[in-house]
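Biologist: Got a minute to walk me through this one? I'd like to start with the inside and then look at a few odd spots.

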Amino acid sequence: MNLQLDIEALQLGEYSDSNAIFGLSDDEIAATVSIKGEQALRHYSFNEADRAKLAKLKVDADAVFVLLPEAPLEQAKSQVYQDTLALVPQLAQSKKVYLFPYGRCAMQLALRQALKLFNQQLAGSIQVLAYHQDERLAATQALEQTASIASECFIAARLQPAKRGFAVPWASYEVQTSDKSIAATVAALIQRYRGQCGQELTQCYMPSALSSELMDGWLAAFQCFESSVGSRSQVIFADARVGDLAACTGLFNLCHLFTHYQQQKHAGLSFQLDISDQTYRSAMMLAWVA
C-alpha cells in the first residue's frame, strides 16, 4: 500500500516554513540564544502568535494518532497529552483517538497501526499529531549546562492511501532488555533487515540528538549494514540542526524524507532508524512510488 502524507502544520519555534526547516530553501533557520542566569541556552520556542495559529487547527480525520513521550500510558496522558489538548482544542472533540507513548519510536509503531486500519478499511484518513517542549524551556530554575539545543515543536500530518507516495516494504522493532547491550539490539534490527530484505540503500536516516550511550550503541552496530550501505549511500542526520524532538522525532524524519522525495531530492530506497531513551528501537525501509 502506498501512502500520501500532507503536512498540515509544522512549527519549530518561530519557524513554520517546512522547506526552510528541512534545508530545501535559501532561507535558513537559527536557534535563538537566551541567557538564564549565567547560562546561555540555544532554543526554538513558540510565542503567543504561534500558539494562536495552532489553536485553529482542524482535527477532522477518521482517526487521530497522538505521539507521546516514552512513559506508562496514564502518565503520558496526564502530561504531554494534556499539553497537546491545550494547544489543539479540537482534539477533545475527536471520537477515535489512539495514543502512542513510545518516544522517538512512536511514529514507526503508529505507522504499523495506520496500515492495519487502511487495509481493513476502518479509516480513509488519519491525522498524526506530535508535540514536544524541552523541559529546559519550562524550567523555573537553571538546569545543568549543556550545549544541546532546547526545542519546542508541533507537527500535524495527514496520512491516506494513494497511488503515488511512499510504501513501507519492510519494518521491524526491538524491545531493549537488561541482558542485551544497545549495540546488540540495534545490530539485531540491521541484521534482520539484511536477512529479510537486504537491498542497497540510498538514504539512511540515523539519529544524532541522543545521549552518548545510545549514540555509541548504534554506531557500533552500523558496521552490520555491510553490503546494504555503499559508496552511493547518504547518511542523513535530520535532527542535527533542530535538537532532540522526542516524540516528534519519527514524524519529523518521515516528513523530511517525504518532502525530499516529493521534490526529487531523494531517489532509491531509504532506511529510518529511531531509538527511544529506554525501551524501543525501530527501523523501516521506505520506497517512493511515483
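Modeller: Sure. Keep in mind that this is a predicted model. The largest nonpolar core has 49 residues, and the members that touch the most others in it are F65, L67, I126, L159, F166, L251 and F252.

Biologist: Which elements give two or more residues to this core?

Modeller: On the strand side, β1 (3-12), β4 (63-67), β6 (126-133), β7 (150-161) and β12 (280-289). The helices are α1 (18-21), α5 (106-119) and α9 (249-262).

Biologist: And where does the largest share come from?

Modeller: From α5, which supplies eight residues.

Biologist: You listed F252 up there. What is F252 in contact with, leaving aside neighbours within four places in sequence?

Modeller: L10, I21, F22, I155, A238, V242 and L245.

Biologist: How many residues are in the second core?

Modeller: That one has 24 residues and is separate from the largest core. A187, M206, I275 and A283 are among its members.

Biologist: OK, switching to polar stuff. Where does H43 sit?

Modeller: H43 is in strand β3, which covers residues 39-44.

Biologist: Buried or exposed?

Modeller: Buried, because the relative accessibility of H43 is 9%, and the cut-off for buried is under 20%.

Biologist: Which side chains make polar contacts with the side chain of H43?

Modeller: There's S34, with a polar contact of 2.6 Å between the two side chains. The side chain of S45 also makes a polar contact with that of H43, at 2.9 Å.

Biologist: What else does H43 touch, not counting residues up to four places away?

Modeller: Besides S34, H43 touches A31, T32, L137, I149 and A150.

Biologist: Now the backbone. Which residue in the loop between α5 and β6 should I look at?

Modeller: Try Q121, which lies in that loop. Its phi is near 55°, a positive value in a residue other than glycine.

Biologist: Is Q121 buried or exposed?

Modeller: Exposed: Q121 has a relative accessible area of 72%.

Biologist: What about the loop between α9 and β11?

Modeller: Q264 is in that loop, with β11 spanning 269-275. Phi of Q264 is near 60°, so here too you have a positive value in a non-glycine residue.

Biologist: And why does Q264 count as exposed?

Modeller: Because its relative accessibility is 72%, and exposed means over 50%.

Biologist: Great, that's plenty to look at. Thanks!

How values were computed: Residues are numbered from 1 along each chain as its sequence is written. This is a predicted model: local features need pLDDT of at least 70, side-chain atom pairs count only at pLDDT 80 or more; totals for chains, interfaces and linings use all residues. Side-chain values use heavy atoms; hydrogens and water are left out. A nonpolar core is a set of buried Ala, Val, Leu, Ile, Met, Phe, Trp, Tyr and Cys residues joined through side-chain atoms within 4.5 Å. Buried means under 20% relative accessible area, exposed over 50%, partly exposed in between (1.4 Å probe, protein chains only). Helices (H or I, at least four residues) and strands (E, at least two) are DSSP runs, numbered from the N terminus. Contact means heavy atoms within 4.5 Å. A polar contact is a pair of N or O atoms within 3.5 Å; within protein, one must be able to donate a hydrogen and the other to accept it, and residues adjacent in sequence count only if both atoms are side-chain atoms.
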